[in-house]
Amino acid sequence: MLRFGILSTAKIGRDIVVLSLQDAENCVVTAVASRDLAKARDMADRFSVPHAFGSYEEMLASDVIDAVYIPLPTSQHVEWSIKAADAGKHVLCEKPIALKADDIDALIAARDRNRVLIAEAFMVTYAPVWLKVRELIAEGAIGRLRHVQGAFTYFNRDAGNMRNIPELGGGALPDIGVYPAITTRFATGREPLRVQAVTERDAEFGTDIYSSVKADFGDFEMSFYVATQMANRQVMVFHGTEGYIEVKSPFNAERWGAEEIELTNQKHTESQIFRFQDSRQYRRQAEAFSRAVAGEKAEVVTLENSVKNQRFIDAIYRASSHDGWETV
């Protein structure tokens, strides 16, 4: 059993990840840390976790954990992932693991010198929905893939929310733009070559609140938009010469809507629906991570993969500053 410590009492950890870790077959949560010991104890008591620490450093120095889950603000991901690795702990860090692709080089160095696993927590890559999309594309179910279309939007004008604070790594692209990027790369096995983009920033917050992106993957094109001040929407469509695949709840499976994909034929006369009743993508992520730590065969999001995904996002920012294509 891999023993996890939770580095902070952030909402995603409290509401989703801790329960998934405890539900997993091969790991357990043994500690919670916060800069406020009372908060750490409250969360530990809520989930029957045996240890609570009043500082992150104290937990990292302890021998009651083998790994940490990091749900801190994005701007702190690199710093605390390195500190955890240097303390000999394996690291599962919330996305995006960094705000610049070049920043991940320091994580790779920390991973290698400490011989630990550091992985970005892209839960979608463990979801049965996305494994099925990848399988259908690979077997030619839609013929030659020509276009990928996506959207991920929500509405949030809370000035105190980290997503609206530039210093904490806020913005639509870091928060949700990474999802169309990672899922397209995961499902197709291809990398973007160049991008065009338009990005809008909030006059008050300074964060990017809308981006419309066109990406050239060589064999196919991709277009998607993300926004933090639009009505909620999620969709991903993979359109080929012989049919198309629509992913109904592409990113927040279990919370957004039906966990299913629809495969429609070329003439739009037949459709197949693939349903997944209990994807538990966060649990599957924890189990795969724990297997990888144990040296077993498991597909996880490597830091090298994270570099490629962040290069995509970096290129979108650069492309937003001018007309025309920007090389990824």
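Which residues does alanine 159 touch, not counting residues up to four places away in sequence? Select alanine 159 in this predicted model, and display what surrounds its heavy atoms: the residues it touches, once those up to four places away in sequence are set aside, are Ile165 and Phe205. Alanine 159 sits in the loop that runs between strand S7 (residues 145-155) and helix H7, and with a relative accessible area of 44% it is partly exposed. To set a scale for the tour, draw a distance from its C-alpha atom to that of alanine 31, which lies 128 residues away along the chain; the separation is 31 Å.

**Helix H6 and its surroundings**

From that loop, move to helix H7 (residues 172-188) and add helix H6 (residues 128-138), whose axis is 8 Å from that of H7, the two packing at an angle of about 45 degrees. The two helices are therefore oblique to each other. To see how they meet, show side chains for Trp130, Leu131, Val133, Arg134 and Ile137 on H6, and for Thr183, Phe186, Ala187 and Thr188 on H7. Coloured by residue class, this contact divides into six nonpolar residues, two polar and one charged.

Keep H6 selected and turn to its buried residues, which are Pro128, Val129, Trp130, Lys132, Val133, Leu136 and Ile137. These buried residues pack against H7, and also against strands S11 (229-240), S12 (243-247), S13 and S14, as well as against helix H8. Following the chain past the end of H6 brings you to glycine 140, where phi is positive, near 80 degrees.

**Helices H1 and H8**

Next, select helix H8 (residues 281-293) together with helix H1 (residues 11-23), whose axes come within 8 Å of each other and cross at roughly 55 degrees. That angle makes H1 oblique to H8, and the crossing is right-handed. On the H1 side the contact is made by Ile12, Ile16, Val17, Ser20, Leu21 and Asp23, while H8 contributes Tyr282, Arg283 and Ala286. Sorted by class, the residues of this contact comprise six that are nonpolar, one that is polar and two that are charged.

**Backbone points around S14**

Step back along the chain from H8 to arginine 280, in the loop between S14 and H8. Phi here is near 45 degrees, which is a positive value in a residue other than glycine, and arginine 280 is partly exposed, with a relative accessible area of 34%. Then select histidine 268, found in the loop between strand S13 (260-265) and strand S14 (271-275). Histidine 268 also has a positive phi, of about 60 degrees, although it is not a glycine; its relative accessible area is 54%, so it counts as exposed.

**Valine 68 in strand S4**

Is valine 68 buried or exposed? Centre the view on this residue, which belongs to strand S4 (residues 67-70), and its relative accessibility of 0% places it among the buried residues. Leaving aside neighbours within four places in sequence, the contacts of valine 68 are with Phe4, Gly5, Met59, Leu60, Ala84, His90, Val91 and Leu92. For one of these, leucine 92, a C-alpha to C-alpha distance of 6.2 Å can be drawn from valine 68, across 24 residues of sequence.

**A cis peptide bond and two cysteines**

Move on to lysine 95 and proline 96, and inspect the peptide bond between them, which is cis, with omega near -20 degrees. Proline 96 lies in the loop that connects strand S5 (90-94) and helix H5 (104-114).

As a last stop, select cysteine 93 and cysteine 27. How far is the sulfur of cysteine 27 from the closest cysteine sulfur? The closest one is in cysteine 93, 17 Å away, which is too far for a bond, given that a disulfide needs the two sulfur atoms within 2.5 Å. Seen from the other end, the closest cysteine sulfur to that of cysteine 93 is the one in cysteine 27, again at 17 Å, and the count by this rule comes to zero disulfides. Cysteine 27 is buried, at a relative accessible area of 1%, and cysteine 93 is buried too, at 0%.

How values were computed
Residues are numbered from 1 along each chain as its sequence is written. This is a predicted model: local features need pLDDT of at least 70, side-chain atom pairs count only at pLDDT 80 or more; totals for chains, interfaces and linings use all residues. Side-chain values use heavy atoms; hydrogens and water are left out. Axes are lines fitted to C-alpha atoms, for helices over the stretch in contact, and angles run from 0 to 180 degrees between N-to-C directions. Helices (H or I, at least four residues) and strands (E, at least two) are DSSP runs, numbered from the N terminus. Angles under 35 degrees count as roughly parallel, over 145 as roughly antiparallel, 65 to 115 as roughly perpendicular and the rest as oblique. A crossing is left-handed if the near helix is turned anticlockwise from the far one by less than a right angle, and right-handed if clockwise. Contact means heavy atoms within 4.5 Å. Ala, Val, Leu, Ile, Met, Phe, Trp, Tyr, Cys and Pro count as nonpolar, Asp, Glu, Lys and Arg as charged, and the others, Gly among them, as polar. Buried means under 20% relative accessible area, exposed over 50%, partly exposed in between (1.4 Å probe, protein chains only).
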